[in-house]
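Biologist: I'm new to this one. Could you show me the model and let me ask how you know what you say about it?

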Amino acid sequence: MSLNQIVIDQLMSAYPAFVTYEHLIEKTDVSKNRIQHALKELCIQNYPIEIKNNQITVTSPLISTPAIAEHLDTRIIGNKMHVLPSLASTNTYAKNNLDSLSNGEVIFAHEQTSGKGRLGRTWSSPVGKSISMSLVLKPTMRFSDIALLTHLTAAALVDALEDWVDATIKWPNDVLINNKKIAGILIETEFSGGDLRGVIIGIGINTNLDQRDIPKDLQDKATSIKEQTLTNIDPNTLLSRFFTCFEHYYADFLSNQLTRPFLTVCRNRSVLLGKDFWIIDSIGKRKALIQDIDPAGGLVVTYRDTNQTVTLTSTDFSIRADNGYI
Ligand code: BTN
């Protein structure tokens, strides 16, 4: 583990209180000079750290694996976790290192420089104010079941947020608060011939972004948990809850093909069901009444122009309201 990460873990274990240089020297066994250098580097990289004389504080809680592990109650998910300071994309990193990553292992990055979203979009992840992670799974699973993992993940996120806020889901992969997006899910797969080598569940959560951290053109459709709840949410508590909720649904899904528990959450928390939306793809746009999420995770819609009811299984389209995102 790098010195910078050890310093972050020390600051986080004291959060919201401060630590002193003496404490950091004792915990790292390096000189004050090197600690000062590490702190300077972290500040230059925009980590939310305040230094007042001998009092060093993180002003917004950062991801720290010891802090997640402290409350973790899982067998597989999060059994190994790594926090890297900066990556282009945690999904790309996980894909490139898939052979050396085991089932349930998680990669976090404090910052992503080329975060990927669905439909070729980009995903912005400012340092220390959001969660960017990829969870690696190595299941034996039918190809058609992989799509269900998006819904399972969305339901686990909503459950994990329950103590802070009532979140909703915009099928298939957006988690919202007050009709604005706070999290997105991007699942990627790797095959070798016909064999599934691994599934990478990429998750981006806007935890503690302030309004100024959200790009201007996204401010009408994106927000953060902090903006909506007016509190700095501890990402480590959220993550340990998320991993627990995820593992609970995932174990039942793998061993008993049980999908109802998480699909019920997706239906009950859906912002789409029972309403009209535009279905927009590369060919054009059509108005549809969103009827249901079927047992395989497909979206059942009735097109207004033909009155035909179909189940949409691909996700290569956007869903928009008359006047915007929702
Ligand atoms: C979306 O809503 O379009 C999906 C966004 C997914 C973003 C996450 S952040 C961590 C992981 N790494 C990436 O490059 N993307 C996903």
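Biologist: How do the residues of the lining of the largest pocket divide into nonpolar, polar and charged?

Modeller: Keep in mind that this is a predicted model. The lining has 15 nonpolar residues, 16 polar ones and nine charged ones. The pocket holds about 740 Å³ of space. Of its 40 lining residues, those closest to the centre include Gly117, Trp123 and Lys181.

Biologist: What makes Ser89 a polar contact of the ligand?

Modeller: The cut-off is a pair of N or O atoms within 3.5 Å. A polar side-chain atom of Ser89 sits 2.7 Å from a ligand oxygen, so the pair counts as a polar contact.

Biologist: And why is the Lys181 pair called a polar contact?

Modeller: An N or O atom in the Lys181 side chain is 2.5 Å from an oxygen atom of the ligand. The limit is 3.5 Å, so this pair counts too. As for cover, the ligand taken alone exposes 410 Å², and the protein buries 99% of that.

Biologist: What about Gln112?

Modeller: Gln112 has a polar side-chain atom 2.9 Å from a nitrogen atom of the ligand. That is within 3.5 Å, therefore it is a polar contact as well.

Biologist: Where does the ligand sit, and which element gives the largest share of the shell around it?

Modeller: The ligand takes up the space of the largest pocket. Strand 9 gives the largest share of the shell, four residues.

Biologist: Which element gives the largest share of the lining of the second largest pocket?

Modeller: Strand 9 again, with five residues. About 620 Å³ of space lies in that pocket.

Methods
Residues are numbered from 1 along each chain as its sequence is written. This is a predicted model: local features need pLDDT of at least 70, side-chain atom pairs count only at pLDDT 80 or more; totals for chains, interfaces and linings use all residues. Side-chain values use heavy atoms; hydrogens and water are left out. A polar contact is a pair of N or O atoms within 3.5 Å; within protein, one must be able to donate a hydrogen and the other to accept it, and residues adjacent in sequence count only if both atoms are side-chain atoms. Accessible areas come from the Shrake-Rupley method with a 1.4 Å probe; for residues, only the protein chains shown count as cover. On a 1 Å grid over the protein atoms alone, a cavity is a set of points where a 1.4 Å probe fits but cannot get out, and a pocket is an open set with protein on both sides within 12 Å along at least five of seven lines; lining residues have an atom within 4 Å of a point. A molecule sits in a cavity or pocket if more than half of its atoms lie within 2 Å of its grid points. Helices (H or I, at least four residues) and strands (E, at least two) are DSSP runs, numbered from the N terminus. Grid points are joined across faces, edges and corners, and a volume is the space filled by probe spheres set on the points. Ala, Val, Leu, Ile, Met, Phe, Trp, Tyr, Cys and Pro count as nonpolar, Asp, Glu, Lys and Arg as charged, and the others, Gly among them, as polar.
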